[in-house]
Amino acid sequence: MMRVFQHQSLVASLVAFVFACGLSMGATHQVKDSETFYSISRMYSVSVNNLMSSNGFKDPTTLKVGQKLTIPPKGLKVPSKVTRTYRPAPKSLRVIVDAGHGGRDRGASWGGVRESDLNLRVARRVEVSLKAKGYPVTMIRRSDVFVSLTGRAKIANKYRNAIYVSIHFNATENTGVRGAETFYVGKKGSYLAKSIQNELVSNLKVRNRGYQYRRYSVLRYTACPAVLVECGFISNSYERSRCKTSSYQAAAAKSIVAGIERYDRAY
Ligand SMILES: [Zn+2]
């Protein structure tokens, strides 16, 4: 194929044109000893990914001598299973995601479970999910670091058209207490709290402790609608065993995101 391109420019142009139109099946190449996807891709000036996906390969090490590969036309990309080009419509509402506590402030600590860790795990899931839906997200923390309450509010107060969602797990001396609850300040905060609380209760099948007005510092200092979500009691052995699983954390994150979306559509 290369010789045709080099010596017969008119034929080459025609072939290139047909390739570009997607009318041709493309050239084929029989794999020789010591050849790899990389070496073959260099030979035909196509990308390894394009070459692999055109031939239905996921693992480059499964290439065998004697196999016939279809050489994709240059620049004509075969979409892979993961559609990397998908972009959701950008949303205007910014979500400030606050994983409660962190660093020297571990929050509640029961049965080897640290609240600050759980908060962060759920928060990271919320971040990924919100971004996939087109929401601009600001994370108060992404690792095990300490951020003061006023420091958190300061980050939040840089933004207009934002909501603040602080993620926590609960604990109390009475180990029989369990369930999820959400706190808020402000009128819009109450709508957001209600929306998230409803999702938590229906998705997690937890006791509904309701949503309530509470002037927690982290809520008070923020200018935007703000809520504090308590996803479950780690002081209760039954809930603690659930809370530490990734499936529970994923479901909590999903509920928080669903609550935010519902709020965003309504207000
Ligand atoms: Zn907490």
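Along the chain, the residues that hold the zinc ion follow the spacing H-x13-E-x52-H. In this predicted model, the protein donors are the NE2 atom of His101, an OE atom of Glu115 and the ND1 atom of His168, and they lie 2.1 to 2.2 Å from the zinc ion. It is worth finding these residues in the structure before moving on. Glutamate 115 sits in helix α5, while histidine 168 belongs to strand β7, which covers residues 162-170, so this pair ties together parts that are 53 residues apart in sequence. Both glutamate 115 and histidine 168 are buried.

Now step back for a moment to the protein as a whole. Its fold contains 10 helices and 10 strands. Of its 267 residues, 43% are buried. Links between distant parts of the chain can also be counted: among contacts between residues at least 6 apart in sequence, 75% join residues at least 24 apart.

With that picture in mind, let us return to helix α5, the helix that carries glutamate 115. Which way does α5 lie relative to α10, roughly parallel or oblique? Helix α5 spans residues 115-132 and helix α10 spans residues 246-266; their axes come within 9 Å and cross at roughly 50°. The two helices are therefore oblique to each other. Their crossing is right-handed.

What makes the contact between them? From α5 come Leu118, Arg121, Val122, Arg125, Val126, Ser129 and Leu130. Helix α10 answers with Ser246, Gln249, Ala250, Ala252, Ala253, Ile256, Val257 and Ile260. Sorted by character, the residues of this contact divide into 10 nonpolar, 3 polar and 2 charged.

One residue from that list makes a good place to look in detail. Valine 257 is found in helix α10. Is valine 257 buried or exposed? Its relative accessibility is 1%, so valine 257 counts as buried, the cut-off being under 20%. Leaving aside residues up to four places away in sequence, valine 257 touches Val126, Ser129, Leu130 and Lys133. Take Val126 as an example: valine 257 and valine 126 are 131 residues apart in sequence, yet their C-alpha atoms are 6.3 Å apart in space.

To retrace the route, begin at the zinc ion with its donors His101, Glu115 and His168. From Glu115, follow helix α5 to its contact with α10, and finish at valine 257.

Notes. Residues numbered from 1 in each chain as written. Predicted model: local features only at pLDDT ≥ 70, side-chain atom pairs only at ≥ 80, totals over all residues. Heavy atoms only, no water. Axes fitted to C-alpha atoms, helices over the stretch in contact; angles between N-to-C directions. Helix = DSSP H or I, 4+ residues; strand = E, 2+ residues; numbered from the N terminus. Parallel < 35°, antiparallel > 145°, perpendicular 65-115°, else oblique. Left-handed = near helix turned anticlockwise from the far one by under 90°. Contact = heavy atoms within 4.5 Å. Nonpolar A, V, L, I, M, F, W, Y, C, P; charged D, E, K, R; others polar. Donors = N, O, S within 2.8 Å, 3.2 Å for Na, K, Ca; no water. Buried < 20%, exposed > 50% of the residue type's maximum accessible area, 1.4 Å probe, protein only.
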